[in-house]
Amino acid sequence: MPAELPPGPSFFRFSEKGALASLLQAAGLADVDVTTHGLTHQVPSADALWDGVLSGSVRTSALITNQNREVRQAIRAAFDRLVAPYELDGRLELPTSILIGHGRLPASRTMDR
């Protein structure tokens with residue numbers, strides 16, 4: 001990472017069930033459970049996804065836009081190669097998954113409310 005990028009949390013810090021469960025438990029929740037759910041994320045085009053990454057992720061955007069033209073073009077070409085297998089009728093259908101975590105407040109904490 002370039003030195004001029006401000007430090008930030010890992011993009012994937014809660015992408016593992018254990019990390020998300022620990023966060024919920026640290027918040028005082030009991031009976032915590034985390035499940036994985038698969039889904040297909042539809043995006044109108046590779047350009048729309050690219051624009052979304054550049055406008056929706058400050059650190060990734062800065063990392064890419066601070067490169068010289070040749071490197072930016074190489075990054076975009078690699079991006080296009082990676083998403084090409086997911087193109088269907090001009091749009092992208094990206095397989096992905098999300099974690100959903102839940103828990104409950106212990107009875108002793110609900111009495112404090």
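**View 1. Four salt bridges are found in this predicted model.** Let's begin with the one between Arg104 and Asp31, whose side chains come together at 2.6 Å, N to O. Arg104 belongs to strand β3 and Asp31 to strand β1, so this pair ties together parts that sit 73 residues apart in sequence. As for how open they are, Arg104 is partly exposed, at 42% relative accessible area, while Asp31 counts as exposed, at 54%.

**View 2. Arg76 and Asp47 link two helices.** Here again the side chains meet in a salt bridge, at 2.6 Å from N to O. Arg76 comes from helix α4 (residues 69-83) and Asp47 from helix α2 (residues 46-56), so parts 29 residues apart in sequence are tied together. Is Arg76 buried or exposed? With a relative accessibility of 19%, Arg76 counts as buried, because the cut-off for that is under 20%. Asp47, on the other hand, is partly exposed, with a relative accessible area of 46%.

**View 3. Glu93 pairs with Arg91, and a small network turns up elsewhere.** The side chains of Glu93 and Arg91 form a salt bridge of 2.6 Å, N to O. Both partners are partly exposed: Glu93 has a relative accessible area of 21%, and Arg91 has 26%. Now look back at the helix pair from the previous view. Asp47 and Arg76 are joined with Asp80 into one network, through salt bridges that share partners.

**View 4. Three strands make up an open, antiparallel sheet.** Going across the sheet, you meet the strands in the order β1-β3-β2. β1 (30-43) and β2 (87-88) are at the edges with a single partner strand each, so one side of each has no neighbour in the sheet. β1 and β3 are paired antiparallel through 12 bridges. If you want one spot to find in that pairing, try Thr40, whose bridge partner in β3 is Pro95. In general, strands of a sheet pair through backbone hydrogen bonds.

**View 5. A hairpin connects β2 and β3.** How many residues lie between these two strands? There are 2, and Asp89 in the turn has a positive phi of about 55 degrees. β2 is joined by 2 bridges to β3 (residues 91-104), and the two run antiparallel. Glu87 is a handy place to look, since you'll find Leu92 of β3 opposite Glu87.

**View 6. Leu39, Ile98 and Ile100 gather in a nonpolar surface patch.** Taken together, these three residues have about 220 Å² of accessible area. Leu39 sits in strand β1 and is partly exposed, with a relative accessible area of 36%.

**View 7. Stepping back, the whole chain contains 5 helices and 3 strands.** Along the sequence they follow the pattern α-β-α-α-α-β-β-α. The C-alpha atoms fill a box of roughly 60 × 40 × 20 Å along the principal axes. The radius of gyration is 19 Å, whereas a compact globule of 113 residues would be near 13 Å. Just 16% of the 113 residues count as buried. The chain exposes about 8,100 Å², with carbon and sulfur atoms supplying 56% of that area. Of the contacts with a separation of 6 or more, 76% come from residues 24 or more positions apart.

Notes. Residues are numbered from 1 along each chain as its sequence is written. This is a predicted model: local features need pLDDT of at least 70, side-chain atom pairs count only at pLDDT 80 or more; totals for chains, interfaces and linings use all residues. Side-chain values use heavy atoms; hydrogens and water are left out. Two strands pair if DSSP finds at least two bridges between them. Helices (H or I, at least four residues) and strands (E, at least two) are DSSP runs, numbered from the N terminus. Patches are made of residues with over 30% relative accessible area and no salt bridge: like charges are joined within 9 Å, nonpolar side chains (Val, Leu, Ile, Met, Phe, Trp, Tyr) within 5 Å. Accessible areas come from the Shrake-Rupley method with a 1.4 Å probe; for residues, only the protein chains shown count as cover. Buried means under 20% relative accessible area, exposed over 50%, partly exposed in between (1.4 Å probe, protein chains only). The radius of gyration is taken over C-alpha atoms; the globule rule is 2.2 Å times the number of residues to the power 0.38. Contact means heavy atoms within 4.5 Å.
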